[in-house]
Amino acid sequence: MIDIKREISDDDEDDNYQALRNDNSLKRVKLFTENERYLDTIDKKKLDFDLEKICAVTLSNINVYSCLVCGKYLQGRDEGSPAFAHSMEENHRVFINIQSLKTYVLPDDYQVINSQSLECIKYCFRPTFEDSAVSEFPVPCFDLYNNKYLNGFVGLNNISSNDYSNVIILLLSHIKPVRDYLLLNDNLLKKDDVFLQKFTLLIRKIWSPKLPKKHVSPHEFLQHVSSISDKAFSLDRRGDPRSFLLFIVNKIMKSSNRGLRKLFTKQLQGEVSIYTTKIEPVMEEGNNIKFVRNEENVSSNTVKFWILSLDLPPKPLFKDGKSVASLTQIKLEQLLKKYNGKVEQHTKDSIKFSKIVSYPPYLLLHVKRFDSSNHSIKDRNQAVVEFQSNMDIGKFRYRLVANLIYEPDLKYSSDVQSSILDEQCHWKIHIRNEKNDEWFEFDGVSVRPKKKELLFLSESYMQVWERVSALE
């Protein structure tokens, strides 16, 4: 046992050591090196780094420690605290502070230092990255169970009904400038903005090359989202991916981090000019009313957008078969003509024309398939939207990065006929690996290859396109 003595300075944090003055005497907590006892009791496979960091006894998130023997989160380390009591009752000795990532042995209350065996655990709690490493992502990795995975291409656990949020988290994590900013700026992990801290940490875990398991749970982040949104986005109720994406964007744009706000604006926000011509009723002979354009009453307005919504052709009144060939088919380029400034959009009292005047580096598209907000499968527009992996939009060439889709999720009754009680969306996402142009389908914790020639056969709901070059 090594007792390291040093002078006390005002810069020392109180959890680096404990100085207790009693009758003018000074007692110091002893600092031990790697070869100390109890470290062999650590069981990495029992640690859950994705759970919400609250005490299992007090439900407080203040001064929380993780027991490195069983994985429980407990508060404090002073005598009488839940962590202290746990060390006495269960004989579990090694605890790590969630904020400082400093490790202590209880109930002896000494700090373990210079332990290389603890570095992997600290990294799992709070991954850090170097610019040179990030530029090489994704790379092949192995988890604690020796399962191979590709960092960034890991599944997210579907805890209950949170697949709608999982696909948006994965979508944002593969917008390269956003990913790089979140991985390389450690100031985002400060507790000043809890939302940004938890969101950044989740994205970092997705791209971590040292995952304990080859999938990640978004539990901690989504619990926080549920709390701050008054359960508008919860773990146990289905939601709309588009609404969840706009929620995240709005939270980031209201955050105190100016750099991240500027990045989102520069990379994701575009502008559309809308020209409106009023329609006025004119009385004709025979008391007939005719509606004509008032060319003298034309207004224009330029608005910013995060997502472009695309209108599908109306659903056919009568269905002819169930094959893809029987469905309405339309090219994505045709849907985008809505924003070329030439296609009329009729409202109750006006005609509008929309034209994109500023194309963002990353263009987010939303295909409007549902008539109502509950996303019932039976009400959807099943039109097949055809697209290639590259597309010319305006004056630029874009490349597909992500394709968010849905599939029917059917629930049946228990009677003999098994009639359908409810039909809802099950959300998945296709994401491109830019290193080799391979595509993967993410469905919960499952990640499997997907042929890019078959992407358009799924019912696309949202897409991300990356601007790669300007057209001559």
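Reader: By class, what does the lining of the second largest cavity have?

Author: We're looking at a predicted model, where local features need pLDDT of at least 70, side-chain atom pairs count only at pLDDT 80 or more, and totals for chains, interfaces and linings use all residues. Residues are numbered from 1 along each chain as its sequence is written, and side-chain values use heavy atoms, leaving out hydrogens and water. For classes, Ala, Val, Leu, Ile, Met, Phe, Trp, Tyr, Cys and Pro are nonpolar, Asp, Glu, Lys and Arg are charged, and the others, Gly among them, are polar. That lining splits into four nonpolar, one polar and four charged residues.

Reader: Which element gives the largest share of that lining?

Author: A cavity is a set of points on a 1 Å grid over the protein atoms alone where a 1.4 Å probe fits but can't get out, and lining residues have an atom within 4 Å of a point. Here the lining includes D50, K198 and F221. Two helices (DSSP runs of H or I, at least four residues), α6 (194–206) and α7 (219–228), give two or more residues. The largest share, four residues, comes from α6.

Reader: How much space lies in the largest cavity?

Author: Volume is the space filled by probe spheres set on the grid points, which are joined across faces, edges and corners. For the largest cavity, that comes to about 200 Å³.

Reader: Where does the largest cavity lie?

Author: Its lining has eight nonpolar, three polar and five charged residues. Domain bounds come from an automatic or database assignment. Two domains both give residues to the lining, so the largest cavity lies between domain 2 (128–265) and domain 3 (309–343 + 359–470).

Note on methods:
On a 1 Å grid over the protein atoms alone, a cavity is a set of points where a 1.4 Å probe fits but cannot get out, and a pocket is an open set with protein on both sides within 12 Å along at least five of seven lines; lining residues have an atom within 4 Å of a point.
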